[in-house]
Amino acid sequence: MARNPKVIIIDQDPNTRAETQRMLALSGFAVMGAAGYGMEAITLARETTPEAVVIALEEPIARSLQTIEAVADVLPQTPIVAYSSISDPSVIRRAMQIGVKDYLIAPLKDEDLSHSIHEVLAQEERRQQRLTGEVEPQAYGTVLTIFGAKGGIGKTTIATNVAAALVQRTNQSVALVDLDTRFGDVAILMDIPTDRSIADLALPDDEIDREAVHSCLYTHGSGVAILPAPIRPSEWHSVHPGHIEKMVTVLATTHDYVILDTPGAFNDIVTRALEMSTIVLLIATLDLASLKDTILALEMLRSWSFPAEKIKIVINHTNDTHGDSRIDVRRILGKEVFWSIPYDRNISQATQLGTPIVVAKPKSKASESFIELACAVSGIRLRPKGMLERLGERIAVIGAGQAEAPSDGGKESPERVVESPVKEAVER
Ligand SMILES: Nc1ncnc2c1ncn2[C@@H]1O[C@H](COP(=O)(O)OP(=O)(O)OP(=O)(O)O)[C@@H](O)[C@H]1O
Ligand SMILES: [Mg+2]
């Protein structure tokens, strides 16, 4: 794709037209011209043959739509991005039907417009590659990266348990790759040998094939296929991001889910893992340092134009003192909390045994949360528990003499958020 994509702007209003032109020029686009609706627009489209068209869709809607249709007739291969103050779904649908590839609601933000144009250009490039047979269609699993801006916040615990829960609940194949470039702990938490590891796959590109990757996989008793990290951090020196990309691609063609555990830091291998992800679980705990680092991680991902919908915030209560927290995480991070994992002392016992807690103690409150989280990322909708079921469980728990009530799921309740001393500290 060209570094300064050529675009034209079609907008009947001279003020917003000039503003959009300024915005695009500042974002590095080569603006080939700007025009109003009708003949003016068609002539500009013909004369400039841009890579993308940015068009305002305003009243009178019929005239805007007529212009869009005519531009699409002149430039059938060129993606069109519309911006509008109209959010009526029927207008948006109509615009999509006649060829608009993306529809942004005004007021426009320069990063949204820029991201949208790059995205539609990338989609058009891929469409062309499909037409010329350059893209080989193949099944591709979901790549789920467990990421966090800090160490010791439960990333490996979550990666191992979600992996085991996915096998249990979906009956599909799951590969877990330990990308912790310092001290990979997956092998310890799953109690597996590490005779073969990622370091054995630091090979020329064409040698990292299905056979080579599978020869380094260890199948755990839970059913999860594990690609361990090398024992010594120095062995990572021979591994570069290209190797990781090839390994993950091979695993994603043979497994329904590929889970990537990462260290609490950014490096070129983590960056490549994030780029390849379908979903990123961004783990944080409720302490000031973790929240501050999570804000910085989110800012960095935004600066890469990383798709926001891929990032899911998971709050892990690694400490029982955080159980009653009133911290407004959503307000601090500027993003909804996707999941919240309760503190559970059974986790450290399971870790000592080298077994994921979802296998060792499937009824514990952490296990319930991990299982529900696995269902949430896989798209399985859990049936809400009825009152009688809940009552039955309570009686069973009391009867068994256990101290813990069953979990009510990990979904963060919006009512739990009030005033936050941490927010003030973070903002300072
Ligand atoms: N929800 C929880 N309840 C209780 N203990 C937890 C919970 N989550 C994690 N822990 C404990 O927190 C500790 C750190 O967990 P873990 O090793 O998974 O973190 P990590 O983010 O992978 O660390 P690192 O960055 O060093 O690899 C472990 O002792 C683990 O048992
Ligand atoms: Mg870890």
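**Stop 1: Leu144**

Select Leu144 in this predicted model. Leu144 sits in strand E6. Is Leu144 buried or exposed? Count the other C-beta atoms within 10 Å: there are 24, and the cut-off for burial is 20 or more, so Leu144 is buried.

Now show the contacts of Leu144, leaving aside neighbours within four places in sequence. They are Tyr257, Ile259, Ser277, Thr278, Ile279, Leu281 and Val377. Keep Val377 highlighted; Val377 is one of the buried residues of helix H15.

Next, draw a distance from the C-alpha of Leu144 to the C-alpha of Ala163. The viewer should give 9.7 Å, for two residues 19 apart along the chain.

**Stop 2: helix H15**

Select residues 365-378, which form helix H15. Check the length. The 14 residues should span 20 Å at 1.5 Å a residue, and the end C-alpha atoms are indeed 20 Å apart.

Colour H15 by burial. Eleven of the 14 residues are buried, so the rest of the structure largely encloses this helix. The buried set is Lys365, Ala366, Ser367, Glu368, Ser369, Phe370, Ile371, Glu372, Leu373, Ala374 and Val377.

What covers the buried residues of H15? Turn on strand E6 (142-148), H6, strand E11 (279-284), strand E13 (337-341), H13 and helix H14 (357-360); the cover includes these elements. Strand E6 is the one that holds Leu144.

Step off the end of H15 to Gly379. Gly379 follows the helix with a positive phi, near 90 degrees.

**Stop 3: helix H6**

Select 155-170 for helix H6. H6 has 16 residues and reaches 22 Å from first C-alpha to last, close to the 22 Å expected at 1.5 Å a residue. H6 is mostly covered, with 14 of its 16 residues buried. Asn171 comes after the helix, and its phi is positive, near 60 degrees.

**Stop 4: H6 against H15**

Show both helices together. Two packed helices are described by the angle between their axes and the distance between the axes. For H6 and H15, the angle is about 70 degrees and the axes are 8 Å apart. An angle from 65 to 115 degrees counts as roughly perpendicular, and therefore so does this pair.

Which residues make the contact? From H6, pick Asn161, Val162, Ala165, Leu166, Arg169 and Thr170. From H15, pick Phe370, Ile371, Leu373, Ala374, Cys375 and Ser378. By class, the contact has eight nonpolar, three polar and one charged residues.

**Stop 5: ligand 1**

Centre on ligand 1. The shell around it holds 22 residues, and Gly151, Gly154, Lys155, Thr156 and Thr157 come nearest. Two elements give two or more residues to this shell: helix H6 (155-170) and helix H13 (346-353). Both H6 and H13 also appeared in the cover of H15.

Colour the shell by class. It divides into six nonpolar, twelve polar and four charged residues.

**Stop 6: backbone oddities**

Switch to the backbone. Most residues other than glycine have a negative phi, and most peptide bonds are trans. Four places go against this.

- Glu59 to Pro60: the peptide bond is cis, with omega near -5 degrees. Pro60 lies in the loop between strand E3 (52-56) and helix H3 (61-74).
- Ala106 to Pro107: a cis peptide bond joins the two, with omega about 5 degrees. Pro107 is in the loop between strand E5 (100-105) and helix H5 (110-131).
- Asp191: phi is positive, near 50 degrees. Find Asp191 in the loop between helix H7 (186-190) and helix H8 (210-215). With 12 C-beta neighbours inside 10 Å, Asp191 counts as exposed.
- Ser305: phi is positive, near 60 degrees. Look in the loop between helix H11 (288-303) and strand E12 (311-316). Ser305 has 13 C-beta neighbours inside 10 Å and counts as partly exposed.

**Stop 7: the whole chain**

Zoom out and show the cartoon. The chain has 17 helices and 13 strands. Buried residues make up 39% of its 428 residues.

Finish with a contact map. Take the contacts with a separation of 6 or more: residues 24 or more positions apart account for 75% of them.

How values were computed:
Residues are numbered from 1 along each chain as its sequence is written. Chains are lettered from A and ligands numbered from 1 in the order in which they are written. This is a predicted model: local features need pLDDT of at least 70, side-chain atom pairs count only at pLDDT 80 or more; totals for chains, interfaces and linings use all residues. A residue is near a molecule or strand if its C-beta atom, placed from the backbone, lies within 6 Å of it. Helices (H or I, at least four residues) and strands (E, at least two) are DSSP runs, numbered from the N terminus. Ala, Val, Leu, Ile, Met, Phe, Trp, Tyr, Cys and Pro count as nonpolar, Asp, Glu, Lys and Arg as charged, and the others, Gly among them, as polar. The expected span of a helix is 1.5 Å times one less than its number of residues. Two residues are in contact if their C-beta atoms, placed from the backbone, lie within 7 Å. Axes are lines fitted to C-alpha atoms, for helices over the stretch in contact, and angles run from 0 to 180 degrees between N-to-C directions. Angles under 35 degrees count as roughly parallel, over 145 as roughly antiparallel, 65 to 115 as roughly perpendicular and the rest as oblique.
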